[in-house]
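Visitor: Could you walk me through the empty spaces in this protein? I'd like to hear how each label is earned.

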Amino acid sequence: MDINLEYYKIFYYVASYQSITLAAERLSISQPAVSQAVKHLEADLSCALFVRTSKGVRMTKEGEMLFSYVERGYETILSGEKKLLEMLNLEKGEICIGASDMTLKFYLLPYLEQFHEKYPKIRVTVTNAPTPETLRHLADGKIDFGIVSTPIESHRHLKVIPVKEIRDIFVAGKKFEHLKGKTIDYKELEKYPVMCLEGATSTRRYVEEFLEQEGVSLRPEFELATSDMLIQFAIRNLGIASVVSEFAKEQIENDILFPLKFHNDIPKRQFCIVSDERVPLSASAARLLESLAVE
């Protein structure tokens, strides 16, 4: 079928507004032109798409089915136009980034501050979630790119740019000072209350997999939502906390907490920028990503 695509555009607006009058106003054309386009489309498709009512029009079953496809197609075109305008003018735009508490606090935040100062009219939204959820948001198209911590499950079309090394450690407070300065085996942890992040975070999975290689099986005393909470629990001597070193830096420097020493360190891992190679970024997202990937 060789149908004028302009008919589908007019059909989209008539169906969206359920009114020929409102569609004509939105398209800045006459009502007769809208009615004529709908009639041509119905003739080409050999079926009725609308039924007139006292308040306007409503779709037939055939019209509803066709609209479910036309809506997706036309709104994709509109999204493309929006992206194009953003590429032409960095004064406007919107960026959606995925980041965990950790990647936001210890990597992303200063870059966002600089970017906002330079481009104050570009709206930046940060979706706060752990690495697995951030990767799902990226796959679903809910974010432009994400800042995550390894390990990362390999996905097709996933572009990964390492930007910063991080180190996982165990910290404790005054109650456990008999361990301070001693070099111990990870097996010793089984004797103490250990605290870690809850749920399916990349941090917890990484540490648990390392400990399994060391023959250690932990049953955490506390499983908490954030690393900041782990630090607070450790300060109150409720257990030994598994955290990324940056979270405990201030407390260690002030001798409030101390890092446990082991015969071998947990291997370092990384913060990474992840994006979908198939999806072109807007100019604003590309500019921010460019500044992040400089290091």
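Guide: Sure! The lining residues of the largest cavity split into eight nonpolar, two polar and two charged. Keep in mind that this is a predicted model: local features need pLDDT of at least 70, side-chain atom pairs count only at pLDDT 80 or more, and totals for chains, interfaces and linings use all residues. Residues are numbered from 1 along each chain as its sequence is written, and side-chain values use heavy atoms, with hydrogens and water left out.

Visitor: What makes a residue nonpolar, polar or charged here?

Guide: Ala, Val, Leu, Ile, Met, Phe, Trp, Tyr, Cys and Pro count as nonpolar, Asp, Glu, Lys and Arg as charged, and the others, Gly among them, as polar. Phe170 and Arg204 are among the residues lining the largest cavity, so Phe170 goes down as nonpolar and Arg204 as charged.

Visitor: Why is a space called a cavity?

Guide: On a 1 Å grid over the protein atoms alone, a cavity is a set of points where a 1.4 Å probe fits but cannot get out, and lining residues have an atom within 4 Å of a point. The structure holds two cavities of 30 Å³ or more, and the largest has a volume of about 110 Å³.

Visitor: Why is threonine 150 called buried?

Guide: Buried means under 20% relative accessible area (1.4 Å probe, protein chains only). Threonine 150 has 16%, so the label buried fits.

Visitor: Which residues is threonine 150 in contact with, leaving aside its neighbours within four places in sequence?

Guide: Ser202, Arg269, Gln270 and Cys272, where contact means heavy atoms within 4.5 Å.

Technical notes: 1 Å grid on protein atoms, 1.4 Å probe; cavity = no way out; pocket = protein on both sides within 12 Å on 5 of 7 lines; lining within 4 Å. Points joined across faces, edges and corners; volume = space filled by probe spheres on them. Buried < 20%, exposed > 50% of the residue type's maximum accessible area, 1.4 Å probe, protein only.
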